[in-house]
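Student: I would like a close look at one part of this protein. Please take me through it slowly, starting from a single residue.

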Amino acid sequence: MHDDTPENIKAILDGLKATSELGRNLEEAKIWENWASIVPAPYREISYPLRVKEGILTIEVENAVFMHKISYVKQEILENLLKVVPREVVEDVRFSLEDE
């Protein structure tokens with residue numbers, strides 16, 4: 001017999017998050033939502049998360065001087081990232097110059 005009992009929407013969404021690209025995208029979205037707590041000042045004002053690809057977060061930086069300086073806090077950024085998203089989502093960070 002077919003069970004016509006409605007399934008709990010939370011259970012459906014949890015299943016989708018665990019087994020689909022939707023779950024990964026939702027985890028990645030936490031980076032943008034928590035940017036102010038991930039990157040220390042003054043770098044958060046001159047940088048932003050560009051994309052996550054194959055576990056690497058690319059952070060775009062306004063200019064070469066700040067790109068050099070932000071590299072000194074890379075480990076702190078990684079530690080803060082891991083408080084927000086699991087290592088399976090982001091395992092490393094790369095910096096890129098903003099396109100002009």
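Student: Leaving aside its neighbours within four places in sequence, which residues is L57 in contact with?

Tutor: This is a predicted model. Beyond its neighbours within four places, L57 is in contact with I31, W35, P49, R51, V52, L81, V90, D92, V93 and R94.

Start with the strand. L57 falls in β2, residues 56–61. Strand β2 runs antiparallel to β1, residues 47–53, and 6 bridges join the two. S47 of β1 stands opposite V61 in β2. The hairpin has 2 residues between its strands. There, E54 takes a positive phi near 55°.

Now the core. The largest nonpolar core has 21 residues. L57 is among those with the most contacts inside it, along with I31, I59, I70, I77, L81 and V90. Strand β2 supplies at least two residues of this core, and so do α3 (35–38), α5 and β3 (92–97). The largest share, 4 residues, comes from α5. In general, nonpolar side chains in soluble globular proteins tend to be buried together.

Helix α5 spans residues 74–84. Its buried residues are I77, L78, N80, L81 and V84. Seen down the helix axis, they fall within an arc of 165°, so they line one face of α5. One of them, L81, is in contact with L57.

Last, the whole chain. The protein has 5 helices and 3 strands, in the order α-α-α-β-β-α-α-β from the N terminus. Buried residues make up 31% of its 100 residues. Of the contacts with a separation of 6 or more, 56% are between residues 24 or more positions apart.

Terms used. Residues numbered from 1 in each chain as written. Predicted model: local features only at pLDDT ≥ 70, side-chain atom pairs only at ≥ 80, totals over all residues. Heavy atoms only, no water. Buried < 20%, exposed > 50% of the residue type's maximum accessible area, 1.4 Å probe, protein only. Arc of directions from axis to C-beta. Pairing = 2+ DSSP bridges. Core = buried A, V, L, I, M, F, W, Y, C linked by side-chain atoms within 4.5 Å. Contact = heavy atoms within 4.5 Å.
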